[in-house]
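Me: I'm new to this structure and would love a close look at one part of it. Could you walk me through the cysteines and what lies around them?

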Amino acid sequence: RAYGFWYDLDDNSFGPSFSRSICPNKEKMGRFEDNVAHSNNEFGFRIWESYTPYENNCDLGEPTVANFYRLTSYANGIHGLELTKVGHIRLIGFKIADNRDNGIEIQECHGNHAGPRVQVSSVKWHVRFKVYIL
């Protein structure tokens with residue numbers, strides 16, 4: 001299997017560094033900007049299985065926004081971008097084109113005013129949107 005960028009974030013750290021106070025799927029985002037994913041067997045960009053960032057990580061508190069900037073994703077074997085279960089993320093300036101199944105597939109979104117957003121992005125050629133908002 002081949003992915004361009006794959007975020008597979010667990011509920012807690014595991015192995016020798018296991019801690020209930022480290023929650024990768026709730027951690028604030030660092031930087032993601034100016035990347036290209038093309039000709040992968042499956043996905044150009046994927047968040048699996050869930051990601052919702054918070055200010056205080058495991059203690060939750062206030063949600064914070066994770067911004068992903070300027071990904072170009074094209075000619076991938078399944079989707080240009082797939083988000084499985086997300087909240088409080090923004091995809092800004094993405095270019096998605098010519099992927100086999102879908103340009104963008106978002107399975108579950110949640111959040112308040114800071115919830116998920118695809119903003120100032122272009123999606124071209126062979127595109128079917130599937131969005132389920134619960």
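Reply: Happy to! One term will help before we start: a residue is called buried when its relative accessible area is under 20%, exposed when that area is over 50%, and partly exposed in between. Please keep in mind that this is a predicted model.

By that cut-off, Cys 109 is buried, because its relative accessible area is 10%. Cys 23 also counts as buried, since its relative accessibility is 7%. Cys 58, with a relative accessible area of 22%, is partly exposed, because the value falls between the two limits.

Now for the bond itself. Searching the whole structure turns up one disulfide, and the residues it joins are Cys 23 and Cys 58, with 1.7 Å from S to S. The link between Cys 23 and Cys 58 is right-handed, with 115° about the S-S bond. This pair ties together distant parts of the chain, 35 residues apart: Cys 23 sits in the loop between β1 (3-8) and β2 (33-38), while Cys 58 belongs to the loop between β3 and β4.

That second loop is worth another glance. Glu 49 is also placed in the loop between β3 (43-48) and β4 (66-74). Glu 49 counts as partly exposed because its relative accessibility is 46%. Together with Asp 8, Asp 10 and Asp 11, Glu 49 forms a negative surface patch. So, as you look along the loop between β3 and β4, you can find Cys 58 with its disulfide partner elsewhere in the chain, and Glu 49 as one of the residues of the negative patch.

Definitions and conventions: Residues are numbered from 1 along each chain as its sequence is written. This is a predicted model: local features need pLDDT of at least 70, side-chain atom pairs count only at pLDDT 80 or more; totals for chains, interfaces and linings use all residues. Side-chain values use heavy atoms; hydrogens and water are left out. Patches are made of residues with over 30% relative accessible area and no salt bridge: like charges are joined within 9 Å, nonpolar side chains (Val, Leu, Ile, Met, Phe, Trp, Tyr) within 5 Å. Accessible areas come from the Shrake-Rupley method with a 1.4 Å probe; for residues, only the protein chains shown count as cover. A salt bridge is a side-chain nitrogen of Lys or Arg within 4 Å of a carboxyl oxygen of Asp or Glu. Lys and Arg count as positive and Asp and Glu as negative; His and the chain ends are not counted. The place of a charge is taken as NZ of Lys, CZ of Arg, CG of Asp or CD of Glu. Helices (H or I, at least four residues) and strands (E, at least two) are DSSP runs, numbered from the N terminus. Buried means under 20% relative accessible area, exposed over 50%, partly exposed in between (1.4 Å probe, protein chains only). A disulfide is a pair of cysteine sulfur atoms within 2.5 Å.
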